[in-house]
Amino acid sequence: MHFPAVCGTVLGFLCFASATILQNGQVRITNYPNTVIDTAAYQLQAFPPNSSELSYKGRWDSKFLSWWSAPGLKFGFTGQQVAITFGPLTSDKTLIAYRIDGQDWQLTNVTTGATHLLVSPNTPGINTPYPINPSTFELRVTNWAYGVQVSSVLLSKGEKLVKIPNFSRNIEVIGDSLSSGDFATLEGLSSYAYGLAAGLGNTEYSITAYPGICAFDKVCWGNPRGMFHQWWYTSDVSWRATQNYGDKPEVWDFSKQQAADIVVINLGTNDANAANNVSSEGYVEQYTKLVEGVHAVWPKAQIILISLWNGFYANGNSYAQGGAWVNEIHSIYQHFNTPSYLANPTLYSPFVNGSASYPQGSPSAPFVHYFNTTGIMQHNDIGPQWHPTDVGHIKLASHLIEYIRMKFDWVLYATGPEVYHQTEYWNDQDSY
């Protein structure tokens, strides 16, 4: 995603602007519809953002402002119209994806303070009451750097919102730009993290990932804190978080959402860059405590540590995969699987025991696993900006899905509706 225009000064490399998607250096034709309406021309009734029927996915703060990668909103509704009024804290021109039921994603750029009509009598599937009933609306914010604030949800007069039960499974992905979809065409909605969760089907998900963030708690590429610290807070490490909260962000209330069953951690690429000066000892210590913290919050969750591919390089007359923190990540995995640790596991919370690890008080079954990315992607699966291409993300998501299916016996439920949008590449010519 390319944002030409005036750049902000807090982190230096982020901009407010109209969004343009670059595909192999060329502008992708988007033609996203302008969905802004004048509500005076419609017979609508508004529901407040704290309506009990509204289910917020990912991390949203007390102002109903979204954070991190691919946060969402989901609810059922009656009638044939759905509109949302976006508040003054909305990042202007944020690209959102939205859909009803099992239909394909649609895209539109959001205007700060405006009301957008996202479902109408012309929306595909609106008149088909099966197999999904009541009609279900879902929205996802695609841009990792931007956010939307929900001021109200509007339906036709006389219609009502419907609470949609959560799926029984939940995945949390903790990561950096590689997990947030940085430089993928639809960013969060093109990331492997999204593809993993949505590709499993019938799975709730939250992607706590932000580009440039280190695992270690220090300034990395302008981000003021590392994931070791920021995972415990609602907002990310963006310039807009600083604008809204300064250095006192809202603590994240993990009870707002169901416990994660699986947590995928992909951190360390930024720590490994010499510019950020993170030591091996510091990386291992804080990564280990982060895992302890996840286990403290969700004691039944299975935690998957992803090895870092760290790009590819020319190797004589061929190519080879790089790596970073190879021994360190594997040693963390081994630590949590030693009989001594499992007999006397330790936990971590920045709000307990003076920020020192503390004993769990009972033995634990193994809960930490290691996912080796070697051989999944090749050199042409990494784009010029050192991040996976859309195909690279799809390959990683597919392998993770199969890993989880085999290791944890998870059934695959995504059996029809699209996961990734605008990935239909085909050839209609059979001879040339």
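This is a short dialogue about reading a few features of a predicted model.

Reader: Before I zoom in, what is the mean pLDDT of the chain?

Author: The mean is 92, and 94% of the residues reach 70 or more. Watch residues 1–18, though: pLDDT is below 50 there, even though the stretch has 54 contacts in the model beyond near neighbours in sequence. Where pLDDT is low, don't read the predicted coordinates in detail.

Reader: Okay, let's pick a residue. Is His393 buried or exposed?

Author: The idea is to compare relative accessibility with a cut-off, and buried means under 20%. His393 comes out at 1%, so it counts as buried. You'll find His393 in helix 8, residues 390–408.

Reader: Which residues is His393 in contact with, leaving aside neighbours within four places in sequence?

Author: Among them are Leu178, Gly181, Ala184, Ser190 and Ser191, along with Pro388 and Tyr420. Tyr192 is on that list too, and the side chain of His393 reaches the backbone nitrogen of Tyr192 at 2.9 Å.

Reader: On to pockets. How many residues line the second largest pocket, and which lie nearest its centre?

Author: With a pocket, look at volume, then lining, then chemistry. The second largest pocket holds about 780 Å³ of space. Its lining has 34 residues, with Lys74, Asp101, Ile132, Phe167 and Asn202 nearest the centre. By type, the lining divides into 16 nonpolar, ten polar and eight charged residues.

Reader: Which element gives the most to that lining?

Author: Strand 11 does, with four residues. Helix 2 (192–200) and strand 15 (203–209) each supply at least two.

Reader: Now the backbone. Which peptide bond is cis, with omega near -5°?

Author: For cis bonds, check omega. The bond from Tyr130 to Pro131 is the one you're after. Another cis bond joins Asn133 and Pro134, with omega about 5°. Pro131 sits in the loop between strand 10 (115–119) and strand 11, and Pro134 is found in the loop between those strands as well.

Reader: And positive phi: what is the value for Asn277?

Author: Here you look for positive values in residues other than glycine. Phi of Asn277 is near 55°, and Trp325 has a phi of about 50°. Asn277 lies in the loop between strand 16 (262–266) and helix 5 (280–297), while Trp325 is in the loop between strand 19 (318–321) and helix 6 (326–336).

Reader: Is Trp325 buried or exposed?

Author: Trp325 has a relative accessible area of 13%, so it is buried. Asn277, at 64%, is exposed.

Key:
Residues numbered from 1 in each chain as written. Predicted model: local features only at pLDDT ≥ 70, side-chain atom pairs only at ≥ 80, totals over all residues. Heavy atoms only, no water. pLDDT = per-residue confidence, 0-100. Contact = heavy atoms within 4.5 Å. Buried < 20%, exposed > 50% of the residue type's maximum accessible area, 1.4 Å probe, protein only. 1 Å grid on protein atoms, 1.4 Å probe; cavity = no way out; pocket = protein on both sides within 12 Å on 5 of 7 lines; lining within 4 Å. Points joined across faces, edges and corners; volume = space filled by probe spheres on them. Nonpolar A, V, L, I, M, F, W, Y, C, P; charged D, E, K, R; others polar. Polar contact = N/O pair within 3.5 Å; in protein donor to acceptor, adjacent residues only side chain to side chain.
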